[in-house]
Amino acid sequence: MFFETDEQQRDFAASIDAALGAADLPGAVRAWAAGDTTPGRKVWSQLADLGVTALNVPEKYDGIEAHPVDLVVAAERLGRWCVPGPVAESIAVAPVLLADDERAAGLASGELIATVALPPHAPRALDAEVAGLILLAADGEVREGTAGTQHESVDPSRKLFEASASGEGWRADVARAYEFGVLATAAQLVGAGQAMLDMSVEYAKQRSQFGKVIGTYQAIKHKLADVHIAVELARPLVYGAALSLADGSPDTARDVSAAKVAASGAALLAARAALQTHGAIGFTQEHDLSLWLLRVQALRSAWGDPTVHRRRVLEAL
């Protein structure tokens, strides 16, 4: 099935690209990993100005209450640029958990960054030391949380924390919030896969081996074509899952999980091809490619790894 975004959505994506393309995202990610969140917070401020942080917030709290497809459009671009911070948690999940809470207005304005722990598949709170609000959700109930022990992620810019509940809880659609978390993560993986494909194509035009530009070798062309096909096959599954989520389809869990599996596979294929195309330089921390390689490894297991989601698809068939 083929999905085509409308002109307004394409303009929205272009505005995100323009803003993030002018920022030093690799520098912001490295600073975030080192504990300096100032550059990253400037990026989040830009996202708030563009309305990204308000996408999933109800209109009664100054949000946009946009269609899930709009959320996917934005999340894919954030994955494309490797934006640091709790993207899925604050932009996609927290607004659902705070659907009847005035604190959602802070999410919409960008003044508040939230993170979420939602066991069993998202048991730890990402970047809890940065977030102004930690939410712990399970069994249809949400409670405010406090950060505990820190755990390192494969991606140094993604610090994970144990979260313990504090205070009284409130009822929320936790199951729907989980689907939003998976969907936003899948969209980021598609964006990251596309970014690495673009990097590989550009590098293949420059790198020479045995006296020839490697982009002229059929093996390289086929490898990058395989990545292109994988990304293009994953993208409509992500958009299809957004439609299922919007419509409250009984197949939502199946569609969202299928999207996460496909996006994870496409991004992993893109990472492998990027490493092979770049050669030894791709293994160095100094090269920006390393940021996307690590991000993909982290996002593949975030909000349920491929095994979890394959099982959900199988159970739904």
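UniProt places "domain: Acyl-CoA dehydrogenase/oxidase N-terminal" (unreviewed entry) on residues 7-88. The model is predicted. Within residues 7-88 the chain is 65% helix and 0% strand. The end C-alpha atoms of that span are 25 Å apart.

A further annotation, again from an unreviewed UniProt entry, is "domain: Acyl-CoA dehydrogenase/oxidase C-terminal", covering residues 167-316. Here helix accounts for 75% and strand for 6%. The C-alpha atoms at the two ends of residues 167-316 lie 36 Å apart.

**Cores**

The largest nonpolar core has 94 residues. Leu20, Val52, Leu78, Val83, Leu97, Met196 and Trp303 touch the most other members. Helix α7 gives the largest share of this core, 17 residues. A second core is separate and has six residues, among them Ala117, Ile134, Leu136 and Phe161.

Which residues does Leu78 contact, leaving aside neighbours within four places in sequence? They are Ile16, Leu20, Leu47, Val52, Val83, Val87 and Ile91. Leu78 also belongs to the lining of the second largest cavity, as do Val52, Val87 and Ile91.

**Cavities**

The count is two cavities of 30 Å³ or more. The table sets them side by side.

| Cavity | Volume | Largest share of lining | Make-up of lining |
|---|---|---|---|
| Largest cavity | about 40 Å³ | α5, three residues | six nonpolar, three polar, two charged |
| Second largest cavity | about 30 Å³ | α4, four residues | nine nonpolar, no polar, no charged |

The largest cavity is lined by Gly85, Val87, Ala88, Glu89, Leu126, Arg158, Thr185, Gln188, Leu299, Ala302 and Trp303. Helices α5 (87-97) and α7 (174-204) each supply at least two of these residues. Trp303 in this lining is also one of the core residues that touch the most other members.

Around the second largest cavity stand Val52, Leu71, Ala74, Ala75, Leu78, Val87, Ile91, Ala92 and Ala184. At least two lining residues come from α4 (68-80), and at least two from α5. Val87 appears in the lining of the largest cavity and in that of the second largest.

**Two buried residues**

Is Arg80 buried or exposed? Arg80 lies in helix α4. Its relative accessible area is 17%, so Arg80 counts as buried, the cut-off being under 20%. Residues up to four places away in sequence aside, Arg80 touches Gly191, Ala192, Ala195, Asp198 and Trp292.

His309 sits in helix α11, which spans residues 306-316. The relative accessibility of His309 is 0%, and therefore this residue is buried as well. Beyond its neighbours within four places in sequence, His309 is in contact with Tyr178, Val182, Ser257, Lys260, Val261, Trp303 and Gly304. Trp303, one of those partners, also lines the largest cavity. Along the chain, His309 and Ala172 are 137 residues apart. In space, 23 Å separates their C-alpha atoms.

**Recurring names**

Some residues recur across these descriptions. Leu78 is in the largest nonpolar core and lines the second largest cavity. Trp303 is likewise in that core, lines the largest cavity and contacts His309. Val52 is a core member that contacts Leu78 and lines the second largest cavity.

How values were computed. Residues numbered from 1 in each chain as written. Predicted model: local features only at pLDDT ≥ 70, side-chain atom pairs only at ≥ 80, totals over all residues. Heavy atoms only, no water. UniProt positions renumbered as here; feature names shortened; annotations may be inferred. 1 Å grid on protein atoms, 1.4 Å probe; cavity = no way out; pocket = protein on both sides within 12 Å on 5 of 7 lines; lining within 4 Å. Points joined across faces, edges and corners; volume = space filled by probe spheres on them. Nonpolar A, V, L, I, M, F, W, Y, C, P; charged D, E, K, R; others polar. Core = buried A, V, L, I, M, F, W, Y, C linked by side-chain atoms within 4.5 Å. Buried < 20%, exposed > 50% of the residue type's maximum accessible area, 1.4 Å probe, protein only. Contact = heavy atoms within 4.5 Å.
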